[in-house]
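Hi,

Here is the structure I promised to pass on. Have a look at it first, and then read my notes below.

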Amino acid sequence: MSLDDPVLAPVLDPARELAPQAQAAPAGSGLPPRFACFVTGTDTEIGKTMVSAALLHALVQNGVRACGMKPVAAGAELRNGVLHNDDADRLIAAGNVTLPQSLTTPFMLTEPAAPHIAAEIDDTYISPVPILAAYIEVSAASDAVVVEGVGGFKVPLNEEFDTADLAEQLDLPVVLVVGMRLGCISHALLTVEAISARNLMLAGWVANEVDPDMAYIDENIDALQQRIPAPLLGRVPRLDNPSAAAAAEYLDFSQLPNWPVGRNNT
Ligand SMILES: Nc1ncnc2c1ncn2[C@@H]1O[C@H](COP(=O)(O)OP(=O)(O)OP(=O)(O)O)[C@@H](O)[C@H]1O
Ligand SMILES: [Mg+2]
């Protein structure tokens, strides 16, 4: 039996087996609707972690057991014998379900570099199987999961698998964070096209004002609103003290599918 066998491969390939289970509970399964999403962005350093943490913060405020995942983190340092990554730590702090880091970040890479390069430096190979298996465990242990991508939407993870493939295999509604700066319109619209080409649901987008001096920001946001076929969840201004709670003040997640409106709403 081999994964090279064209007949057996679809049966044996764990990625194929796991992917369908990685979806939200189907209607009629007896489980309450569960919130889950994949957070992507127009680029690196444009606010994906901040928005992911804001989502987790709002879920926790609503009384939901919420857990963040940063499946692939590049740039970690050893503290008290444990590898720490800033994004992973911020998601842990914003959620309220404590799970082993091997589940919430199956690939914790030391080098702050493109993931496939960081993986090679750590003598690791990033495969989708541990990520999908971890997602199922995280999902089983919590009521809501927020998965943060890496960099932009299409970042290589190995020679034949990238973060867009990962989003497709997880099959979660996507939240797109647009870092508002010159050039963001094309980045955003190309990302929207790539999301739709993979038949993923673009559930909403966030205008994150990363450049406080951006000229014509209102006009840029208008142009995006006219062209992005998903609701604008809010505009986050340049914050003096960026935090999950501060960003959540500017965001309305109630239009996202399976958002737990009314469940212990605060
Ligand atoms: N609206 C904002 N106001 C102030 N600071 C912000 C804002 N948005 C993001 N930042 C800051 O910019 C930095 C990058 O944000 P963040 O880490 O959320 O980006 P990212 O897209 O997750 O990056 P990466 O690609 O590394 O995962 C952080 O220090 C964050 O606190
Ligand atoms: Mg991040």
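The shell around ligand 1 is a mix by class: six nonpolar, six polar and five charged residues. That shell has 17 residues, and the closest to the ligand are T44, K48, T49, M50 and P242. If you want one element to click on, pick helix α3 (residues 48-61), which gives the most to the shell, with three residues. Keep in mind that this is a predicted model.

Next, the inside. The largest nonpolar core has 76 residues, and C37, A54, V174, V178 and V206 have the most contacts within it. Helix α3 turns up again here, giving the most to this core with eight residues. Try zooming in on V174: leaving out residues up to four places away in sequence, V174 touches C37, F38, T40, A167, I195, L200, M201, L202 and A203.

One of those partners, I195, is a buried residue of α9, along with C184, A188, T191 and V192. Why do these sit on the same side of α9? Because they cover an arc of only 105° around the axis. Over on the other side of α9 you'll find S186, E193 and A197, which are exposed. The cover over the buried residues includes β1 (35-41), β10 (174-179), β11 (202-208) and α10 (217-227).

As for its length, α9 (residues 184-197) has 14 residues and reaches 20 Å from first C-alpha to last, close to the 20 Å expected at 1.5 Å a residue. After α9 comes N199, with a positive phi near 60°.

Cheers

Note on methods. Residues are numbered from 1 along each chain as its sequence is written. Chains are lettered from A and ligands numbered from 1 in the order in which they are written. This is a predicted model: local features need pLDDT of at least 70, side-chain atom pairs count only at pLDDT 80 or more; totals for chains, interfaces and linings use all residues. A residue is near a molecule or strand if its C-beta atom, placed from the backbone, lies within 6 Å of it. Helices (H or I, at least four residues) and strands (E, at least two) are DSSP runs, numbered from the N terminus. Ala, Val, Leu, Ile, Met, Phe, Trp, Tyr, Cys and Pro count as nonpolar, Asp, Glu, Lys and Arg as charged, and the others, Gly among them, as polar. A nonpolar core is a set of buried Ala, Val, Leu, Ile, Met, Phe, Trp, Tyr and Cys residues joined through C-beta atoms within 7 Å. A residue is buried if 20 or more other C-beta atoms lie within 10 Å of its own, exposed if 12 or fewer, and partly exposed in between; C-beta atoms are placed from the backbone. Two residues are in contact if their C-beta atoms, placed from the backbone, lie within 7 Å. The expected span of a helix is 1.5 Å times one less than its number of residues. The arc is that of the directions from the helix axis to the C-beta atoms.
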